[in-house]
Amino acid sequence: MKLIHVAVGVIVNTDGKILIAKRPLSAHQGGLWEFPGGKVDAGETVEMALIRELYEELAIRVESSSPLIQIRHHYPDKSVLLDVYKITQFSGEPVGNEGQSVQWVDADNLKNFEFPAANQPIISAINLPQKYLITGSYSNHADFVSRLTLALSHHIRLVQLRIENFSMLLHGEYIESAINLIARENAQLVLNCSVDEFHHVKEMYPGKNIGLHLNRHQAKLLSNRPVDKQILFGVSCHDADEILHAQKIGSDYLLLSPVLPTLSHVDVQPMGWQQFASLAELANIPVYALGGVNDEHITIAQSNGGQGVAGISAWW
């Protein structure tokens with residue numbers, strides 16, 4: 001099956017809204033909403049195709065862009081490779097040059113529009129931040145609250161609560177504090193725990209924005225996604241097989257490690273950025289680099305196909 005290479009633009013205005021366009025009814029996946037873009041012609045780079053397509057479709061000129069995510073998707077009748085770039089600076093006012101409807105939408109409202117299946121990981125990438133905190137050790141509850149409060153003050157907006165042998169019975173005050181502190185900053189909390197324990201927490205806190213994160217061993221036991229699509233779901237991976245399985249069970253994002261040497265796993269050989277890039281290319285969902293990384297590695301991770309970086313000691 002022929003692979004069609006497409007350049008896609010996630011266009012962000014000064015209010016942080018995202019531009020989406022409706023596909024013509026006569027087109028493939030007609031009537032659905034999409035992020036603007038088009039085919040990369042022979043001899044073009046992705047950036048060149050994006051500049052050309054967005055001028056033709058929307059009458060805007062791209063002034064600043066950066067890679068967001070790359071997605072391979074197989075439909076029954078065609079396969080596509082989407083090279084997705086985030087457009088943060090442009091000139092002109094977008095209009096539907098080809099008669100298509102266009103609309104500015106808040107990022108967290110994108111889930112309420114109907115997109116082609118290949119676009120769903122783009123929505124995840126748009127809504128996920130560059131930095132991902134995993135909670136580490138603490139001396140007591142007060143110390144835990146102090147560390148989490150400090151991390152959130154440094155613009156951490158995605159937090160994995162990881163407590164060894166976590167249970168609601170033993171660690172209820174920690175989950176309650178995490179929920180309240182993270183909600184106050186409009187951030188996202190995910191729990192590193194068993195599927196059963198996660199559902200128990202959700203029953204205790206109905207309506208709260210809590211996601212689930214599984215390690216590779218827990219994920220390996222599953223054949224289907226363990227939570228609803230509205231719940232953020234992530235998996236830790238270390239190799240190609242684990243990445244493919246995580247996608248099979250519907251993971252929204254991956255943690256890929258170890259990328260660089262780390263004191264917590266001195267006996268494990270780090271993969272380095274070249275292997276990280278190769279593995280990230282297999283993933284059609286956002287990937288965070290984990291292991292020996294911090295704020296200084298965000299740009300490097302993104303240039304190698306990552307969403308950003310994840311860590312404990314960098315912010316805890």
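Reader: I am new to this structure, so may I begin with the open spaces? Which residues lie nearest the centre of the largest pocket?

Author: Happy to start there, and please keep in mind that this is a predicted model. The residues nearest the centre of the largest pocket are I123, S124, N127, K229 and L232, and they belong to a lining of 36 residues. The space in this pocket comes to about 1600 Å³.

Reader: Which elements give two or more residues to the lining of the largest pocket?

Author: Those elements are β5 (61-74) and α2. Helix α2 contributes the most, with six residues. You can also read a lining by the class of its residues. Here the largest pocket has 15 nonpolar, 13 polar and eight charged residues in its lining.

Reader: Let me try the next one. What volume does the second largest pocket have?

Author: Its volume is about 920 Å³. The second largest pocket is lined by 36 residues, and R162, H238, S257, H265 and L290 are the closest to its centre. Two or more lining residues come from each of β9, α6 (216-220) and β15 (308-311). By class, this second lining holds 14 nonpolar, 19 polar and three charged residues.

Reader: And closed spaces? How many cavities of 30 Å³ or more are found in the whole structure?

Author: A cavity differs from a pocket because a probe that fits inside it cannot get out. The search of the whole structure finds one cavity of 30 Å³ or more. About 30 Å³ of space lies in this cavity. Look for L68, I69, A280, A283, I285, P286, V287, G305, G306 and Q307, which line the cavity. Its lining has seven nonpolar, three polar and no charged residues.

Reader: Now to charged side chains. How many salt bridges does the structure hold?

Author: It holds twelve. To read one, find the two partners, check the distance between their N and O atoms, and then see where each partner sits in the chain. Take D106 and K17, whose closest N and O atoms are 2.9 Å apart in a salt bridge. This pair joins distant parts of the chain, 89 residues apart: D106 is in the loop between β7 (102-105) and α2 (120-127), while K17 is in the loop between β1 (3-11) and β2 (18-22).

Reader: Why does D106 count as partly exposed?

Author: Partly exposed covers the range between the 20% limit for buried and the 50% limit for exposed. D106 has a relative accessibility of 37%, so it counts as partly exposed. K17, with a relative accessible area of 26%, is partly exposed too.

Reader: Which residues are linked in a network of salt bridges?

Author: D41, E44, R52, E53 and E56 are linked in such a network. Within it, the side chains of D41 and R52 meet in a salt bridge at 3.3 Å, N to O. These two are eleven residues apart, with D41 in the loop between β4 (37-39) and α1 (46-58) and R52 in helix α1. R52 also forms a salt bridge with E56, where the closest N and O atoms are 3.5 Å apart. Both R52 and E56 lie in helix α1, four residues apart, which is about one turn of the helix. In terms of accessibility, D41 is partly exposed at 40%, R52 at 22% and E56 at 38%.

Reader: Here is one residue I would like to place. Is S167 buried or exposed?

Author: S167 counts as buried, because its 15% relative accessibility is under the 20% limit. You will find S167 in the loop between β9 (158-162) and α4 (168-184). Leaving out residues up to four places away in sequence, S167 touches G172 and E197.

Reader: That leaves the interior. Which residues touch the most other members of the largest nonpolar core?

Author: First the general idea: in soluble globular proteins, nonpolar side chains tend to be buried together. In this structure the largest nonpolar core has 56 residues, and L148, L161, I175, L189, L191, L254 and F276 touch the most other members. Its largest share, seven residues, comes from α4. Another core, of 26 residues, lies apart from it and includes I4, I18, F113 and A118.

Reader: What does L191 touch?

Author: Not counting residues up to four places away in sequence, L191 touches L161, I175, F198, V201, I210, G211, L212 and H213.

Terms used: Residues are numbered from 1 along each chain as its sequence is written. This is a predicted model: local features need pLDDT of at least 70, side-chain atom pairs count only at pLDDT 80 or more; totals for chains, interfaces and linings use all residues. Side-chain values use heavy atoms; hydrogens and water are left out. On a 1 Å grid over the protein atoms alone, a cavity is a set of points where a 1.4 Å probe fits but cannot get out, and a pocket is an open set with protein on both sides within 12 Å along at least five of seven lines; lining residues have an atom within 4 Å of a point. Grid points are joined across faces, edges and corners, and a volume is the space filled by probe spheres set on the points. Ala, Val, Leu, Ile, Met, Phe, Trp, Tyr, Cys and Pro count as nonpolar, Asp, Glu, Lys and Arg as charged, and the others, Gly among them, as polar. A salt bridge is a side-chain nitrogen of Lys or Arg within 4 Å of a carboxyl oxygen of Asp or Glu. Buried means under 20% relative accessible area, exposed over 50%, partly exposed in between (1.4 Å probe, protein chains only). Contact means heavy atoms within 4.5 Å. A nonpolar core is a set of buried Ala, Val, Leu, Ile, Met, Phe, Trp, Tyr and Cys residues joined through side-chain atoms within 4.5 Å.
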